[in-house]
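These are my notebook entries on one structure. I put a question to it, look up the answer and write it down.

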Amino acid sequence: MEKLDTMMLADDLALSQDKILNGEQDFDAEAVYKVIDNLGVLNNPIKDYFDMTEEEYYEAESDHKLTLIKMADKLTDLHDRILTNHVDGYVDKDEINLTYNHENPYEDDLYDPATDYRVIVYSLKVIGAVQAIAAKDLQEVLSKDAVLSVGLAAYALAHNA
């Protein structure tokens, strides 16, 4: 997969946001999963995490950015998301810094697909920008929990729509 595919997917999703959120267009979770798997950040394909418990993920791979408190619950039931929101630094000096926010698409226990959509689109835009110029460095600095969050958001959108 070409490095620009991440940015192209983010742009396509941004353009289709209203239609997808209004149910006029299908959301292609598989395209998001493919981009996530091609990043090479997670130890396994993203779909392997959907049956995993919070505890299994916490002990095996988490970088402890996600708030995991219901350890027996499946990751797909998790309400916390990590949004990759900013990049700065110097690529030529191998100094890339990513910053993150917590997002909750289940505020007041009501699912808000727009929140998960924002997590996907905004995160993929930031990730894609770094990937286009420093793909190898990206694998070293990108949070596993943030990548998992994009996958969980795509899963929730596909299953709650």
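Entry 1. Is S16 buried or exposed? I note before answering that the model is a predicted one. S16 has a relative accessible area of 14%, and the limit for buried is under 20%, so I enter S16 as buried. I found S16 in helix α1, which covers residues 4-21. Next I looked up what surrounds S16. Leaving out residues up to four places away in sequence, S16 touches Q25 and Y117. With Q25 there is also a polar contact, side chain to side chain, at 3.3 Å.

Entry 2. I turned to the nonpolar cores. The largest one has 45 residues, and L13, F27, V32 and I120 are those with the most contacts inside it. I then checked which elements supply at least two residues each, and they are α1, α2 (29-39), β1 (81-90), β2 (95-103), α4 (113-141) and α5. Helix α4 gives the largest share, 10 residues. As background, I wrote down that nonpolar side chains tend to be buried together in soluble globular proteins.

I followed F27 further. Setting aside residues up to four places away in sequence, I listed its contacts as L13, I20, V32, Y117, I120, A154, L157 and A158. Y117 thus appears in my list for F27 and in my list for S16.

Entry 3. I looked at helix α5 from end to end. α5 runs over residues 144-160, 17 in number. From first C-alpha to last, α5 reaches 24 Å, close to the 24 Å expected at 1.5 Å a residue. At the N-terminal end I found S143 as a cap, with a side-chain oxygen 3.1 Å from the backbone nitrogen of D145.

How many residues of α5 are buried? I recorded 12 of the 17, which makes the helix mostly covered. Among them are D145, V147, L152, A154 and L157. A154 and L157 were already in my notes as contacts of F27.

Entry 4. I stayed in α5 for N160. With a relative accessibility of 41%, N160 counts as partly exposed. Beyond its neighbours within four places in sequence, N160 is in contact with Y106 and Y111. I checked the distance to Y111: the two residues are 49 apart in sequence, and their C-alpha atoms are 8.1 Å apart in space.

Entry 5. I counted aromatic pairs and got 5. Why is the pair of Y106 and Y111 entered as tilted? The ring centres are 4.9 Å apart and the planes stand at 40 degrees; stacked needs under 30 degrees and edge-to-face over 60, so this pair falls into the remaining class. I also looked up how covered each partner is. Y106 is buried at 13% relative accessibility, whereas Y111 is partly exposed at 21%. Elsewhere, ring pairs link Y33, F50 and Y155 into a cluster.

Entry 6. I ended with backbone angles. Most residues other than glycine have a negative phi. I noted two residues with a positive value. H64 has a phi near 65 degrees and lies in the loop between α3 (54-60) and β1. D109 has a phi near 60 degrees and sits in the loop between β2 and α4. For accessibility, I wrote down H64 as partly exposed at 48% and D109 as exposed at 64%.

Methods:
Residues numbered from 1 in each chain as written. Predicted model: local features only at pLDDT ≥ 70, side-chain atom pairs only at ≥ 80, totals over all residues. Heavy atoms only, no water. Helix = DSSP H or I, 4+ residues; strand = E, 2+ residues; numbered from the N terminus. Expected span 1.5 Å × (residues − 1). Buried < 20%, exposed > 50% of the residue type's maximum accessible area, 1.4 Å probe, protein only. Polar contact = N/O pair within 3.5 Å; in protein donor to acceptor, adjacent residues only side chain to side chain. Contact = heavy atoms within 4.5 Å. Core = buried A, V, L, I, M, F, W, Y, C linked by side-chain atoms within 4.5 Å. Phe/Tyr/Trp six-rings, centres within 6.5 Å; stacked < 30°, edge-to-face > 60°.
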